[in-house]
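Here are some exercises to work through with the structure open beside you. Try each task on your own, then follow the solution step by step.

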Amino acid sequence: HGYISWESYANVSYFTRVLPPVPTDCPTPMGTKGPPQLPDAQLVAEEFFLRKKFHPDPQGTNLMFAFFAQHFTHQFFKTSGKMGHGFTRALGHGVDLGHLYGDNLERQHELRLFRDGKLKYQVVKGEIYPPTVLDAPVHMIYPKHIPAEKQLAVGQEVFGLLPGLMMYATIWLREHNRVCDLLKQIHPTWDDEQLFQTARLILIGETIKIVIEDYVQHLSGYFLQLKFDPELLFGVQFQYRNRIAVEFNQLYHWHPLMPDTFKIQDQEYSYNQFVYNTTMLMDYGVEALVDAFSRQQAGQIGGVPNIHKQLLKVAIGVIEESRLLRLQSFNEYRKRFGMKPYTSFQELTGEEETAAKLEALYRDIDALEFYPGLLVEKSQHNSIFGESMVEIGAPFSLKGLFGNPICSPEYWKPSTFGGDAGFQLVNTASLQKLVCLNVKRCPYVAFRVPGGGEDAVVLAKEKGPLDEL
């Protein structure tokens with residue numbers, strides 16, 4: 001709606017909105033500026049987004065980061081195809097690990113073992129992997145030709161799409177069951193339910209810690225060391241509640257991260273060979289995939305046309321959705337997030353050729369659409385994208401992370417996590433520990449390629465005593 005309503009507050013199946021939609025009676029789609037009809041979405045995507053050559057990210061971002069971004073955000077970006085673009089099926093609106101446990105109780109129960117708090121699993125070559133849909137009969141999205149015994153069952157129904165997503169689902173499954181074993185040692189009298197629920201809270205805490213101190217740290221490019229400390233907010237007014245905004249969902253379409261091909265050991269895979277590849281995870285094992293994805297560079301997101309032709313239709317869909325929802329212009333969002341609006345297309349892009357093409361299509365800088373603006377904006381020095389992506393994305397991210405109930409004074413204490421040992425798991429979590437405590441041999445694991453960027457990350461050692469971690 002273009003007005004405040006009780007429904008938009010109380011009905012959490014809606015995404016929220018940062019700015020109201022452009023009124024339907026305005027003379028142009030963007031209000032008063034620009035052409036009476038917006039340029040064709042496919043034309044915009046082909047002209048400004050389509051990769052002619054691969055532009056690697058100057059920060060050294062790798063595919064381990066790219067798949068983490070996709071895996072992590074798919075717990076709260078779940079647009080409802082049935083209800084429409086303004087609606088979400090992820091009613092948690094934040095970090096609830098619905099991508100691991102399912103977004104409803106029925107799905108969760110199908111995925112649970114109901115013994116020792118654990119999730120169902122299968123053992124292949126001595127390693128733990130998610131169960132198949134034969135053992136955990138949940139709806140998963142796979143092509144019709146893939147037999148049920150090859151379909152892995154996890155919380156998020158789309159994760160069969162890419163081996164990188166299923167790799168992370170496997171790591172978190174192993175972590176959940178590992179934490180359950182630790183809790184059972186400490187609390188031998190606890191029943192299955194308490195072990196499961198406490199393990200879930202620990203994993204939510206571990207996720208937030210990793211996202212802030214590893215993921216956002218890398219993304220920001222800050223020299224300042226970020227720290228996850230919920231107690232920082234205990235003395236101020238703060239709402240421990242979050243709603244995912246439709247603009248955040250739009251902003252987070254980072255498909256330029258994806259490379260031209262996927263390199264694993266001495267093999268190179270095209271998109272057709274990689275997508276819905278149901279054997280790759282178990283053929284190579286988690287360690288080999290982590291190592292390969294940590295070493296392969298991801299693409300730069302903003303400032304250059306860098307979306308692979310196979311993924312261009314996703315970007316076209318984003319533009320079409322923004323028009324359906326009548327999102328306001330890019331400059332209106334810059335103002336809303338405390339930035340100066342751009343005065344020309346040349347100021348936005350930092351060069352003349354793209355600026356002239358944009359001006360020919362949109363006529364006025366105040367008529368430029370939100371998502372195209374984010375992708376064509378000149379990137380900051382040695383950065384993965386421009387100013388607006390950081391300044392608009394960061395408040396959404398940090399509110400969503402610190403607004404989680406586990407960060408509140410009522411929850412943030414050892415007893416929530418099963419005592420000091422569980423609290424310690426949360427407070428010492430890292431990407432490297434997450435992987436290395438759940439594999440037999442510790443691979444190179446980071447969000448940056450080896451030697452990439454200024455602070456070239458710690459190279460993982462051969463797995464030795466756990467206190468090294």
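**Exercise 1. Is Y252 buried or exposed in this predicted model, and which residues does Y252 touch?**

Solution.
- Step 1: Find the residue. Y252 sits in the loop between α8 and β5 (262–264).
- Step 2: Judge the exposure. The relative accessible area of Y252 is 11%, and buried means under 20%, so Y252 counts as buried.
- Step 3: Look for partners beyond four places in sequence. Y252 is in contact with A69, T73, F77 and Y215.
- Step 4: Check the side chains for polar pairs. Those of Y252 and Y215 make a polar contact of 2.6 Å.

**Exercise 2. Which residues does UniProt list for "active site", and where do they lie in space?**

Solution.
- Step 1: Turn to the record. The unreviewed UniProt entry lists H74 and Y252 under "active site".
- Step 2: Weigh sequence against space. The two span 179 residues in sequence, yet their C-alpha atoms are no more than 10.5 Å apart, so they gather at one spot.
- Step 3: Place the partner. H74 belongs to the loop between α3 (63–73) and β1 (79–80).
- Step 4: Judge its exposure. With a relative accessible area of 22%, H74 is partly exposed, whereas Y252 is buried.
- Step 5: List the contacts. Leaving out residues up to four places away in sequence, H74 touches Q156, V158 and F159.

**Exercise 3. How many residues of α3 are buried, and what is found at the start of this helix?**

Solution.
- Step 1: Count. Of the 11 residues of α3, 11 are buried, and the helix is mostly covered.
- Step 2: Name some of them. The buried residues include M64, A69, Q70, H71 and T73.
- Step 3: Link back to Exercise 1. A69 and T73 are among the contacts of Y252.
- Step 4: Inspect the start of α3. There, a side-chain oxygen of N62 comes to within 3.1 Å of the backbone nitrogen of M64.
- Step 5: Follow M64 to a partner. M64 is one of the residues touched by M167, along with L281, V286, L289, V290 and F293.

**Exercise 4. Which residues have the most contacts inside the largest nonpolar core, and which helix gives the most to this core?**

Solution.
- Step 1: Find the core. The largest one has 140 residues.
- Step 2: Pick out its best-connected members. F49, M167, Y215 and W254 have the most contacts inside the core.
- Step 3: Find the main contributor. Helix α7 (residues 192–220) gives the most, with 13 residues.

**Exercise 5. Where do E321 and Q250 lie, and what joins their side chains?**

Solution.
- Step 1: Locate both. E321 is part of helix α12 (residues 312–324), and Q250 is part of helix α8 (residues 246–251).
- Step 2: Compare exposure. Q250 has a relative accessible area of 0% and is buried; E321, at 8%, is buried as well.
- Step 3: Find the join. A polar contact of 3.0 Å links the two side chains, E321 and Q250.
- Step 4: Look at the surroundings. Beyond four places in sequence, E321 is also in contact with T79 and H85, while the contacts of Q250 include V318, S322, L327, F370 and Y371.
- Step 5: Add a C-alpha distance. E321 and G84 are 237 residues apart along the chain, but their C-alpha atoms are separated by 9.8 Å.

**Exercise 6. How many salt bridges does a search of the whole structure find, and which parts of the chain does the pair D192 and R112 tie together?**

Solution.
- Step 1: Take the total. The search finds 16 salt bridges.
- Step 2: Examine one pair. D192 and R112 meet through their side chains at 2.9 Å, N to O.
- Step 3: Place the ends. D192 is in helix α7 and R112 is in the loop between α5 (105–111) and β3 (122–124), so the pair ties together parts 80 residues apart in sequence. Both residues are buried.
- Step 4: Set a second pair beside it. D116 forms a salt bridge with K184, with the closest N and O atoms 3.5 Å apart. This pair links the loop between α5 and β3 to helix α6 (residues 163–186).
- Step 5: Judge exposure again. D116 is partly exposed at 26%, and K184 is partly exposed at 33%.

Notes: Residues numbered from 1 in each chain as written. Predicted model: local features only at pLDDT ≥ 70, side-chain atom pairs only at ≥ 80, totals over all residues. Heavy atoms only, no water. Helix = DSSP H or I, 4+ residues; strand = E, 2+ residues; numbered from the N terminus. Buried < 20%, exposed > 50% of the residue type's maximum accessible area, 1.4 Å probe, protein only. Contact = heavy atoms within 4.5 Å. UniProt positions renumbered as here; feature names shortened; annotations may be inferred. Polar contact = N/O pair within 3.5 Å; in protein donor to acceptor, adjacent residues only side chain to side chain. Core = buried A, V, L, I, M, F, W, Y, C linked by side-chain atoms within 4.5 Å. Salt bridge = Lys/Arg side-chain N within 4 Å of Asp/Glu carboxyl O.
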